[in-house]
Amino acid sequence: MATETIRMDRIAGDGTLTAQVMAVIRQRVANRSLTAGAKLPSIRALAASLRVSTSTVVEAYERLVGEGLIQSRPGSGFYVASQTAPLALSEIGPKLDREIDPFWVSRQSLDAGDGDLKPGCGWLPPAWFPEDGLRRALRSLSRADSAALSDYGTPLGLAPLRQLIGRRLAEKGVEAPPDQILLTDSGTQSIDLLCRFLVEPGDVVLVDDPCYFNFQALLKAHRVVIVSVPYTPNGPDIEAFAQVCAERRPRLYITNSAIHNPTGATLSPVIAHRVLKLAEQFALTIIEDDIFADFEALPAPRLAAFDGLERVIQIGSFSKTLSASARCGFIATRPDWIEGLIDLKIATTFGGGRLNAELTLAVLRDGGYRKHLEALRLRLSRARLEVGAKLRTLGLVPWIEPQAGMFLWCRLPEGIDAADVARAALGHGIVLAPGNAFSVAQSAGNYLRFNVSQCQDERVFTVLEAAIGMAARPDKARSASPS
């Protein structure tokens with residue numbers, strides 16, 4: 001390779017000279033002209049061979065080192081790195097035989113390919129996020145001082161963002177000064193920190209049935225005993241709630257109250273007051289996950305507002321309306337618990353994600369964010385109506401008509417197992433959310449949760465119809481292809 005002249009345009013196609021040099025090396029490694037451990041030509045030799053400058057080759061080699069394709073040995077040169085075994089075709093594609101458990105939807109959604117559709121996932125499509133605002137914030141952040149770009153954040157987190165979160169909470173009736181707000185890397189990390197702080201292995205923790213599946217996954221990781229109570233259109237079944245409190249004495253209750261996941265239901269003031277009375281009676285701490293707050297046009301009752309952050313801890317994040325990539329969450333809690341939570345945060349993540357906090361603050365301060373939310377709420381409202389109508393034509397009936405949010409919790413026709421439907425659809429690149437992934441009691445086997453923002457492609461309904469047909473057949477064959 002060091003002595004022959006190579007026409008890069010025939011090998012690499014379009015791109016910068018650096019990219020073309022990199023493509024030459026990659027092709028040589030792929031066709032085994034250069035094998036693992038082989039020494040690459042010197043920088044001068046390759047530059048002469050390819051008729052490019054030595055600086056171009058230096059840049060190409062440095063980038064390939066960064067990719068891990070080649071290695072630099074000081075004083076010796078550059079060598080092809082040891083190659084990992086090629087990915088087997090059997091490892092590509094969905095795991096159709098995976099058990100329907102709290103990880104099922106997350107794994108299938110996060111592993112989905114670019115061409116797959118995800119009506120079962122819990123986030124918006126990229127085009128529904130405030131991309132213009134994010135880009136403006138990134139440009140602004142690129143001009144920030146070096147500390148914002150490179151340094152650790154303070155233990156509590158970026159003060160201006162905590163102040164802004166405090167004002168946003170006050171709009172929902174929750175009074176939380178900045179020193180009672182702890183920034184985290186996500187809503188999930190918030191729950192993890194709180195579980196580390198509040199419960200021990202073997203403790204009983206109460207959840208709704210159905211509930212957000214990752215509540216279960218996190219609680220299992222903390223080795224607690226999970227019990228559940230049925231959820232109604234107005235909140236938890238209060239009689240069952242009281243019975244579980246009396247008989248099992250749970251330490252903790254985790255719930256969504258504003259927009260419930262997966263049902264889309266809203267907590268009523270009457271049920272909220274009764275839940276808080278039982279919490280006081282049985283020394284129960286409540287984690288209120290308010291991650292969907294920005295989807296509401298009119299705020300629903302908050303347990304944290306009625307309680308004043310005594311027994312209720314409120315958490316939230318911005319992954320649902322701002323960006324699922326720029327992770328930033330928070331915990332609002334009583335002042336005497338903050339110090340212990342800070343210590344746990346330092347022990348587990350040290351300073352936290354300052355860069356994400358700066359980006360979040362910049363977007364929230366942008367005047368376009370509120371306009372984005374107004375347009376998003378309207379768009380979701382239309383999508384709920386349109387998707388609900390299409391699902392009804394297939395025999396799926398929404399449990400309730402949610403007033404806000406992205407979810408429809410739908411009952412399948414009698415005798416149809418949601419797990420069978422989900423597996424059949426997965427084989428055709430459609431990720432659904434079967435009901436028992438959300439149910440501790442495994443009582444939601446004929447339900448599916450739909451994210452209406454992810455149901456804008458007609459293939460969702462074509463595949464869904466065929467999958468229901470397959471699940472209805474006695475043999476439940478999964479080999480037929482939707483037409």
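**A walk from the sheet to the cores**

Let's start with one pairing: Gly 316 has Phe 330, in E10, as its bridge partner. Bear in mind as we go that this is a predicted model. That bridge belongs to an antiparallel pairing between strand E9 (residues 312-317) and strand E10 (residues 329-332), which runs over 4 bridges.

Step back and you can place that pair in an open sheet of 8 strands, with mixed pairing and the order E3-E10-E9-E8-E7-E4-E5-E6. Out at the edges stand strand E3 (181-184) and strand E6 (235-236); each has a single partner strand, so one side of each has no neighbour in the sheet.

Now for the helices that lie across these strands. Helix H8 (residues 159-171) lies across E3, E9 and E10, at about 115° to E3. Helix H9 (residues 187-198) lies across E3, E9 and E10 too, along with strand E7 (252-255) and strand E8 (285-289), and it runs at about 155° to E9.

Next, the nonpolar interior. In soluble globular proteins, nonpolar side chains tend to be buried together. Here the largest nonpolar core has 55 residues, and those touching the most other members are Leu 391, Leu 396, Val 421, Leu 432, Leu 448, Phe 450 and Leu 464. Elements that each supply at least two residues of this core include helix H16 (368-393), strand E14 (447-451) and helix H18 (459-472). H18 gives the most, with 8 residues.

Zoom in on Leu 396: beyond its neighbours within four places in sequence, its contacts include Leu 391, Cys 410, Leu 448, Phe 450, Leu 464 and Ile 468. There is also a second, separate core of 52 residues, with Leu 134, Tyr 253, Ile 286 and Leu 322 among them.

Key: Residues numbered from 1 in each chain as written. Predicted model: local features only at pLDDT ≥ 70, side-chain atom pairs only at ≥ 80, totals over all residues. Heavy atoms only, no water. Core = buried A, V, L, I, M, F, W, Y, C linked by side-chain atoms within 4.5 Å. Buried < 20%, exposed > 50% of the residue type's maximum accessible area, 1.4 Å probe, protein only. Contact = heavy atoms within 4.5 Å. Pairing = 2+ DSSP bridges. Axes fitted to C-alpha atoms, helices over the stretch in contact; angles between N-to-C directions.
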